[in-house]
Amino acid sequence: MSHLLNSLAQPEVKETILPYGKLDATAQELLRAAHQVRQRAYAPYSDFKVGAAFRATEDSQQVFTGCNVENAAFTPTSCAERTAIAKAISEGYRQFSSGAVVAYKPNEFVSPCGVCRQFIREFAGNTDMPIYIGQANDAQSPQEQLEEPFHNDDLILCTSIFNLLPHSFHTYK
């Protein structure tokens, strides 16, 4: 039994909440990219805009972004996280080293839905992937949001795919 427990993927990232100003530049870049693409979301039914950004493992400078795209039939709606990763896959990238999700709900961090968690897990490889979850500031004007969407003291949930989806379904080849 102990060999089974040892084979389970364990989180490498301790989940914590940090001020934006304490994050490294690469995490801040992902959050800004997710915030910026959130402005392009197509959300006429829910008015709930989400942006996501993922950094490719193969090229650490390459960041792919996506926003949610709703549909009147709801089922064909595409979440921001899956949009970003699907764009990357279509460009030949298959693994990611980190990601960010930005949405707005008062006094809450909005984490990826269950389907997106499994989708992210598929392309994280066999290692844990940091995920940064920021809250959009909808009180700012659109111009302010583009200039600097986060302040140094804005809180960011720093988690990982293994924290968000423990005991995930994954084939280990």
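## Terms and overview

Strands here are DSSP runs of E at least two residues long, numbered from the N terminus. Please keep in mind that this is a predicted model.

With that in hand, let us look at the whole protein. Its secondary structure comes to six helices and six strands, and from the N terminus on the elements run α-β-α-β-β-α-β-α-β-α-β-α. The protein has 173 residues, and 42% of them are buried. If we take the contacts with a separation of 6 or more, 75% of them join residues 24 or more positions apart.

## The sheet

How are the six strands ordered in the sheet? They form an open sheet in the order 1-6-5-4-2-3, with mixed pairing. At the edges stand strand 1 (16-19) and strand 3 (63-67); each has a single partner strand, so one side of each lacks a neighbour in the sheet. On average, neighbouring strands of this sheet are turned by 20 degrees against each other, direction ignored.

Two of the pairings deserve a closer look. Strand 4 pairs with strand 5 (residues 130-135) in the parallel sense over five bridges, and V101 stands opposite I133 of strand 5. Strand 2 and strand 3, by contrast, pair in the antiparallel sense, over five bridges. These two strands form a hairpin with six residues between them, and within it F54 has F64 in strand 3 as its bridge partner.

## Strand 3 and the helix across it

Is strand 3, for the most part, enclosed or open? Four of its five residues are buried, so strand 3 is largely enclosed by the rest of the structure. Its place at the edge of the sheet, with a single partner strand, is therefore combined with burial of most of its residues.

Helix 3 (residues 80-90) lies across strand 2 (50-56), strand 3 and strand 4. Relative to strand 3, helix 3 runs at about 140 degrees.

## G99 in strand 4

G99 sits in strand 4, which spans residues 96-103. Why does G99 count as buried? The cut-off for buried is under 20% relative accessible area, and G99 counts as buried because its relative accessibility is 0%.

Which residues touch G99, once those up to four places away in sequence are set aside? They are L30, A53, F54, M129, P130, I131 and Y132. F54 in this list is also the bridge partner of F64 in the hairpin, while P130, I131 and Y132 fall within residues 130-135, the span of strand 5. G99 and L31 make a nice example of sequence against space: 68 residues separate them along the chain, yet their C-alpha atoms are 8.3 Å apart.

## R38 in helix 2

R38 belongs to helix 2, residues 25-38. Although arginine is classed as charged, R38 counts as buried, because its relative accessibility is 5%.

Beyond its neighbours within four places in sequence, R38 is in contact with K49, V50, G51, V102, A103, Y104, A136 and D138. Among these partners, V102 and A103 lie in the span of strand 4, residues 96-103.

## The largest pocket

The largest pocket holds about 260 Å³ of space. Its lining is made of 15 residues, and those nearest its centre are F48, V50, N68, T77 and C79. V50 is also one of the contacts of R38.

What classes of residue make up this lining? Nine are nonpolar, four are polar and two are charged.

Terms used. Residues are numbered from 1 along each chain as its sequence is written. This is a predicted model: local features need pLDDT of at least 70, side-chain atom pairs count only at pLDDT 80 or more; totals for chains, interfaces and linings use all residues. Side-chain values use heavy atoms; hydrogens and water are left out. Buried means under 20% relative accessible area, exposed over 50%, partly exposed in between (1.4 Å probe, protein chains only). Contact means heavy atoms within 4.5 Å. On a 1 Å grid over the protein atoms alone, a cavity is a set of points where a 1.4 Å probe fits but cannot get out, and a pocket is an open set with protein on both sides within 12 Å along at least five of seven lines; lining residues have an atom within 4 Å of a point. Grid points are joined across faces, edges and corners, and a volume is the space filled by probe spheres set on the points. Two strands pair if DSSP finds at least two bridges between them. Axes are lines fitted to C-alpha atoms, for helices over the stretch in contact, and angles run from 0 to 180 degrees between N-to-C directions.
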